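Here is a short report on one protein chain. Look over the sequence and the model before reading on.

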Amino acid sequence: MAEELDDIGRETAAMMRQMLQLATLVALRTRERGQKEAEARVRVTEARQKEGRERRLREAADAKARDPRNRELSRILERPTMDRGGVSLEKDRFSAQAEASRMAAQQANRGGVRYDSVERRTALAQHLSRMGISPELQSVRMLMEVGQAQSAQDAVRAREQEAAQRRVREQEAHERERERARSRERV
């Protein structure tokens, strides 16, 4: 009987070892599967982040391409270079008309910049240098900016006039809306 108990004990121990090995194997496989799923989630997240960065870069490039200042810069670059080299400050009979029309177009496109400051020009020059634009083109751009700038007092005066005009338009719109409401009430 003791032998039978020993045999049963050995068989039970062997079965327990097998069950423990199976449980260990299942746990390892589950862990591997979890790691693979986590790695897949990380790859998907990184791909989404990369797509987002690329989309933002494309949108910024599109916005930059639509900027009228960049169109002017590309037009300047497309012009043939002068024989003497450098920037000429002489005016011929055709440049006065071209300059006047270009200034009018820039004033129409320009809505945000109302006055000039050293800080703004410095920031713009740093931005142009970071973009890789040559110093000659930067100086041309700065000359254009200085030539078309307004004083701070004129800019404040213009902004006050715009605000007054906006208030008048808003009041007229409110009056029209009240009149419409009254006419609806009458009907």
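The sections below go from the overall fold to confidence, core, surface and charge pairs.

## Overall architecture

This is a predicted model. The protein chain has 6 helices and 0 strands. Read from the N terminus, the order of elements is α-α-α-α-α-α.

The protein chain has 187 residues, and 12% of them count as buried. It exposes about 16200 Å². Carbon and sulfur atoms supply 54% of that area. Now take the contacts between residues at least 6 apart in sequence: 65% of these join residues at least 24 apart.

## Confidence

The mean pLDDT of the protein chain is 79. A value of 70 or more is reached by 75% of the residues.

Where is confidence highest, and where is it lowest? Helix 1, residues 2-66, is highest, with a mean of 90. Helix 3, residues 93-109, is lowest, with a mean of 58. Where pLDDT is low, the predicted coordinates should not be read in detail.

## The nonpolar core

Which residues make up the largest nonpolar core? There are 8 residues in all: Ile76, Leu124, Leu128, Ile133, Leu137, Val140, Met142 and Met144. Helix 4 (118-130) and helix 5 each supply at least two of these residues. Helix 5 gives the largest share, 4 residues.

Leu128 is one of the core residues. Its contacts, leaving aside neighbours within four places in sequence, are Ile133, Gln138, Arg141 and Met142. Of these partners, Ile133 and Met142 are also listed in the core.

## A buried glutamine

Gln138 sits in helix 5, which spans residues 135-147. Is Gln138 buried or exposed? Gln138 counts as buried because its relative accessibility is 14%, and the cut-off for buried is under 20%.

What does Gln138 touch, beyond its neighbours within four places in sequence? Its contacts are Ala125, Leu128, Ser129 and Ile133. Two of these partners, Leu128 and Ile133, belong to the largest nonpolar core. The contact with Leu128 also appears in the list for Leu128.

## A nonpolar surface patch

Some nonpolar side chains lie on the surface. Met1, Leu5 and Ile8 form a nonpolar patch there. Together they have about 370 Å² of accessible area. Ile8 has its place in helix 1, the element with the highest confidence.

## Salt bridges

Side chains of opposite charge can pair when their charged atoms come close. How many salt bridges are counted in the model? The count comes to 4. Three of them are described here, taken in turn.

In helix 1, Arg10 forms a salt bridge with Asp7. The closest N and O atoms are 2.5 Å apart. The two residues are 3 apart in sequence, about one turn of the helix. Arg10 counts as exposed because its relative accessibility is 52%, just as the cut-off of over 50% requires. Asp7, at 36% relative accessibility, counts as partly exposed.

## Charge pairs in helix 6

Helix 6 covers residues 152-186 and holds both Arg180 and Glu177. Their side chains meet in a salt bridge, at 3.4 Å from N to O. The spacing is 3 residues, about one turn of the helix. Arg180 is partly exposed, with a relative accessible area of 44%. Glu177 counts as partly exposed too, at 38%.

Arg182 and Glu179 also meet through their side chains in a salt bridge. Here the N to O distance is 3.8 Å. Arg182 and Glu179 are 3 residues apart in helix 6, so about one helical turn separates them. Arg182 is partly exposed, with a relative accessible area of 43%. Glu179 is partly exposed as well, at 41%.

Notes. Residues numbered from 1 in each chain as written. Predicted model: local features only at pLDDT ≥ 70, side-chain atom pairs only at ≥ 80, totals over all residues. Heavy atoms only, no water. Buried < 20%, exposed > 50% of the residue type's maximum accessible area, 1.4 Å probe, protein only. Contact = heavy atoms within 4.5 Å. Areas by Shrake-Rupley, 256 points an atom, 1.4 Å probe, with all protein chains shown as cover. pLDDT = per-residue confidence, 0-100. Patch = residues over 30% accessible without salt bridge, like charges linked within 9 Å, V, L, I, M, F, W, Y side chains within 5 Å. Core = buried A, V, L, I, M, F, W, Y, C linked by side-chain atoms within 4.5 Å.
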